[in-house]
Amino acid sequence: MASAWWPCLILALLSGLAASGSPRGPFLLLGKRSLPEGVANGVEVYSTKINSKVTSRFAHNVVTTRAVNRADTAKEVSFDVELPKTAFITNFTLTIDGVTYPGNVKEKEVAKKQYEKAVSQGKTAGLVKASGRKLEKFTVSVNVAAGSKVTFELTYEELLKRHKGKYEMYLKVQPKQLIKHFEIDVDIFEPQGISMLDAEASFITNDLLGSALTKSFSGKKGHVSFKPSLDQQRSCPTCTDSLLNGDFTITYDVNRESPGNVQIVNGYFVHFFAPRGLPVVPKNVAFVIDISGSMAGRKLEQTKEALLRILEDMKEEDYLNFILFSGDVSTWKEHLVQATPENLQEAKTFVKSMEDKGMTNINDGLLRGISMLNKAREEHRVPERSTSIVIMLTDGDANVGESRPEKIQENVRNAIGGKFPLYNLGFGNNLNYNFLENMALENHGFARRIYEDSDADLQLQGFYEEVANPLLTGVEMEYPENAILGLTQNTYQHFYDGSEIVVAGRLVGEDVNSFKADVKGHGAANDLTFTEEVTTEKITLWNRAVPSTFSWLDTVTVTQDGLSMMINRKKNMVVSFGDGVTFVVVLHQVWKKHPVHRDFLGFYVVDSHRMSAQTHGLLGQFFQPFDFKVSDIRPGSDPTKPDATLVVKNHQLTVTRGSQKDYRKDASIGTKVVCWFVHNNGEGLIDGVHTDYIVPNLF
């Protein structure tokens, strides 16, 4: 389980390939994100495949591109992949004429230095660079001899985040030439079950997409395949260039029988939390807007358009104010005001009247907005059960007043005091985005870059929609202290509708009988506690060497190779072999506070007459009739339980009359069955001794 996500620069350095393209030894690797790009000019990229396996929101992706140099001289072949900024590269290999050269992934600073050194020595090297809103580009090139084949293989991984009620998997498709074998193949496995699955491409019409795309889901499994033919790739019926140039996006969500879901695998746990149906917590928003001279023109117009849409979406229970900063600071109102229809209409008039002027005083603008929120709380101007948010939009660096980034961060941190989050929106490229991001993160928020495109106003509105509906504040995820060794972040200022909180940790031991997770938070009406308790007891079905793992919390049916297995949640598991015998494993649940007994499994055989005389084992040896005789019934040590003599298998045994529960019809109470008990672990009745039948695991 990966517990850290670092969207930083990564370098992969291929140090063993000389400029001539002749491999001379192993090389170091390059790493980080992107998607395939074939090169013409005598080089044929004949295959590109993106293979993705998604398990519990975690995506493992392998991008493989194969090319051949059909020219008479050595040619440079490039591998160019654009990957999500939240992904991280785990492996890269390059194979030339059947010889594979592995690489080493390097982190930011080390990578940059090794890259520069490699380039100066004329060696093959690669570097990751930013590429647009969601992507970073991984590029590496190598000289390939005439007639030689080369295979690039890049592996990257990513934790998919829930956004507006869906998980999104984003792939950039840009091969730049027709490719004989092009395929995207995605398998999704979600233990909670998949509730919806969709896929769309920005570069192809729905008609063409429908014939090249297949998608399906059932139960826990989903599958998406995109495999366009050469003709489907052409930009026109007679064209030789490719229309595959854009975004391929897969979205899905999972079933949610309860607000949380805890999964335990190999000594680690991951807790997914996403409650539904809660009332929205009223919010108090301070919009801190940069109106300096650099915002003039399209930027300010788009900001106004976004704010007008945001005002349309505000609820009457919310409170707001606008703080404008340039060389100085001004406000719409002296205090926060409620979002009544009258106030919202007045706010729209104010937004339309905003004009650019002067310098950029970020420090004073932020401190005024923070002070206004603090004062509103102290003076009880806002509802007791409400939450506060600061949203700042700027397009430049501070250049008047306090302009030192570290000092501004300190001032803001002290003013907020951990009481509410700060969200920073950076407009355009001419700003210190790292400063905005660090300041937001240390105040429990995040930063977003708003790109100077025609849809900048929609980008701003889209961000607001993410934070518009807080369902919980002050969220705390609690786990048994004696059961865990390590934990990721487990406290959050807010839980927003459509999102998901994910906490992971390591367990003290792998053999944990039960695991309890408590989530506490403040709702719109009262304080809430959500409890999720799971068992780590697993049901493993092996198909040759491939295991499938389930739990008693599942409801699932699996049929393969003449075997059928059905799990009925928290009740039983039924296993049938073709038209033959059926086994039932019943989960007997005992009162949780019982001082001695614990939950146990009962193993039962249905239609045992179908089993052959050769069936043996602890139970199998009794499936066929055998001779026995009970005689000499007499008082035992317990007056209510007489003893007798049992003659079986040429042995004479003392047995005691008693009763046993049969749980096949009633898993809770069972049915009382009178029987004779054999002493000494069945010695004389069973073949061999009882230790012959003890195995460490059922599967």
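H380 is found in the loop between helix 6 (362–378) and strand 24 (387–394). Phi of H380 is near 55°, a positive value in a residue that is not glycine. With a relative accessible area of 63%, H380 is exposed. The model is predicted. The protein contains 10 helices and 43 strands, and 48% of its 699 residues count as buried.

**Residues with positive phi**

- Most residues other than glycine have a negative phi.
- Besides H380, R57 has a positive phi, of about 70°, although R57 is not a glycine.
- R57 sits in the loop between strand 2 (43–55) and strand 3 (58–69).
- R57 is buried, its relative accessible area being 1%, whereas H380 is exposed at 63%.

**Contacts along the chain**

- Among contacts in the protein with a separation of 6 or more, 65% are between residues 24 or more positions apart.
- One pair to look at is P405 and I362, which are 43 residues apart along the chain and have C-alpha atoms separated by 9.7 Å.
- V81 and V63 are 18 residues apart in sequence, and the distance between their C-alpha atoms is 8.4 Å.

**Helix 4**

- Helix 4 covers residues 298–313.
- Its 16 residues should span 22 Å at 1.5 Å a residue, and the end C-alpha atoms are 23 Å apart, so the two values agree.
- The buried residues of helix 4 are K299, L300, Q302, T303, K304, A306, L307, I310 and L311.
- These buried residues pack against several strands, namely strand 20 (283–290), strand 21 (319–325), strand 24 and strand 25 (422–427), and against helix 5 (341–352) and helix 9.

**Helix 9**

- Helix 9 has 12 residues, 456–467, which should span 16 Å at 1.5 Å a residue; the end C-alpha atoms lie 18 Å apart, in agreement with this.
- Helix 9 is largely enclosed by the rest of the structure, because 10 of its 12 residues are buried.
- Those buried residues are A456, D457, Q459, L460, Q461, G462, F463, Y464, E466 and V467.

**How helices 4 and 9 meet**

- The axes of helix 4 and helix 9 come within 8 Å of each other and cross at roughly 35°.
- The crossing of these two helices is right-handed.
- On the helix 4 side, the contact is made by Q302, T303, E305, A306, R309, I310 and D313.
- On the helix 9 side, the contact is made by A456, D457, L458, L460, Q461 and Y464.
- Among the helix 4 contact residues, A306 and I310 are buried; among those of helix 9, L460 and Y464 are buried.

**Nonpolar cores**

- In soluble globular proteins, nonpolar side chains tend to be buried together.
- The largest nonpolar core of this protein has 52 residues, and F226 and F248 touch the most other members.
- Leaving aside residues up to four places away in sequence, F226 touches F182, E183, I184, F203, I204, L209, A212, L213, L244 and F248.
- Apart from the largest core lies another, of 36 residues, which includes A306, I310, A339 and I391.
- A306 and I310 of this other core also take part in the contact between helix 4 and helix 9.

**An open sheet of four strands**

- Four strands form an open sheet in the order 40-41-42-43, with antiparallel pairing.
- Strand 40 (628–638) and strand 43 (671–678) are the edge strands, each pairing on one side only.
- Neighbouring strands of this sheet are turned by 35° against each other on average, direction ignored.
- Strand 42 (residues 651–662) pairs with strand 43 in the antiparallel sense over eight bridges.
- V655 has V678 as its bridge partner in strand 43.

**Two further residues, P405 and V81**

- P405 lies in helix 7, which covers residues 405–416.
- P405 is partly exposed, with a relative accessible area of 29%.
- P405 touches N432 and F435, with residues up to four places away in sequence not counted.
- V81 belongs to strand 4, residues 75–84.
- V81 counts as buried, since its relative accessibility is 0%.

Note on methods: Residues are numbered from 1 along each chain as its sequence is written. This is a predicted model: local features need pLDDT of at least 70, side-chain atom pairs count only at pLDDT 80 or more; totals for chains, interfaces and linings use all residues. Side-chain values use heavy atoms; hydrogens and water are left out. The expected span of a helix is 1.5 Å times one less than its number of residues. Buried means under 20% relative accessible area, exposed over 50%, partly exposed in between (1.4 Å probe, protein chains only). A nonpolar core is a set of buried Ala, Val, Leu, Ile, Met, Phe, Trp, Tyr and Cys residues joined through side-chain atoms within 4.5 Å. Contact means heavy atoms within 4.5 Å. Two strands pair if DSSP finds at least two bridges between them. Axes are lines fitted to C-alpha atoms, for helices over the stretch in contact, and angles run from 0 to 180 degrees between N-to-C directions. A crossing is left-handed if the near helix is turned anticlockwise from the far one by less than a right angle, and right-handed if clockwise.
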